[in-house]
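Thank you all for coming; I would like to take a few minutes to walk through how the helices of one model pack together, and then to discuss its main pocket. Please have the sequence and the structure in view while I talk.

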Amino acid sequence: MKTYLFPIALILAGMASLASAQSELRPLQILMQARAGWMKAMSQNLAAKNLPEVAKDAEALSKQAAKVAAGVEGERKVFNQKVSDLAKAAADAAAGGDEAVLKARLGELKATCADCHAKFRDK
């Protein structure tokens, strides 16, 4: 019976370690996870033609990026402000029902994210 306790204890310790690691994300990781969630939701809602939800998520992304831009300098400020501006334009297009403009702004937004990741994250 004791031979089963050791593997079970290891599994429980491993699960506790994973849970602890998840709760200790850096603030930037939390911001980026939120942005990734909004981007995914906007793409899914656009495909489903649920433009009010796209507008809601784009507005939330715009506000978050503007808040971040206010607290940083240099290229990080430029990237965050561009994300905020493009997200706001996407929200306006979604609210106005203009799918062509919305798709263009989301494409620009994805490209801006990729450019920022190439500059800061992928090195």
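Let me begin with the pocket, and with the helix that gives most to it: α2 supplies five residues, which is the largest share of the lining of the largest pocket. I should say at once that this is a predicted model. The pocket has a volume of about 390 Å³, and 14 residues line it, with Leu28, Met32, Cys116, Phe120 and Arg121 lying nearest its centre. Besides α2, the elements that give two or more residues to this lining are α4, residues 74-96, and α5, residues 99-121. By class, the lining of the largest pocket holds seven nonpolar, three polar and four charged residues.

Since α2 and α5 both contribute there, let me turn to how these two helices are arranged. Their axes come within 12 Å and cross at roughly 155 degrees; angles over 145 degrees count as roughly antiparallel, and α2 and α5 are therefore roughly antiparallel to each other. The crossing of this pair is left-handed. On the α2 side the contact is made by Met32, Met39, Met42, Ser43 and Leu46, and on the α5 side by Glu99, Leu102, Lys103, Leu106, Leu109, Lys110 and His117. In that contact of α2 with α5 we find seven nonpolar, two polar and three charged residues. Met32 is worth pointing out on your screens, as it belongs to this contact and is also among the residues nearest the centre of the largest pocket.

What, then, is the angle at which α2 and α3 pack? Helix α2, residues 27-47, and helix α3, residues 51-70, pack at about 155 degrees, with their axes 9 Å apart, and they are therefore roughly antiparallel to each other. Here too α2 passes its partner, α3, in a left-handed crossing. From α2 the contact draws on residues including Leu31, Ala34, Trp38 and Met39, while α3 brings, among others, Leu51, Val54, Asp57 and Leu61. The residues of the contact of α2 with α3 comprise 14 nonpolar, two polar and three charged.

The last pair is α3 and α4, whose axes lie 7 Å apart at an angle of about 160 degrees, and which are therefore also roughly antiparallel to each other. Their crossing is left-handed. Among the α3 residues that meet α4 are Ala55, Ala58, Ser62 and Ala66, and among those on the α4 side are Asn80, Val83, Ser84, Ala87 and Ala91. This contact of α3 with α4 has 16 nonpolar, four polar and three charged residues. Leu51 and Val54 of α3 take part in this contact and also in the one with α2.

I am happy to go back to any of these helix pairs in the discussion.

Definitions and conventions: Residues numbered from 1 in each chain as written. Predicted model: local features only at pLDDT ≥ 70, side-chain atom pairs only at ≥ 80, totals over all residues. Heavy atoms only, no water. Axes fitted to C-alpha atoms, helices over the stretch in contact; angles between N-to-C directions. Helix = DSSP H or I, 4+ residues; strand = E, 2+ residues; numbered from the N terminus. Parallel < 35°, antiparallel > 145°, perpendicular 65-115°, else oblique. Left-handed = near helix turned anticlockwise from the far one by under 90°. Contact = heavy atoms within 4.5 Å. Nonpolar A, V, L, I, M, F, W, Y, C, P; charged D, E, K, R; others polar. 1 Å grid on protein atoms, 1.4 Å probe; cavity = no way out; pocket = protein on both sides within 12 Å on 5 of 7 lines; lining within 4 Å. Points joined across faces, edges and corners; volume = space filled by probe spheres on them.
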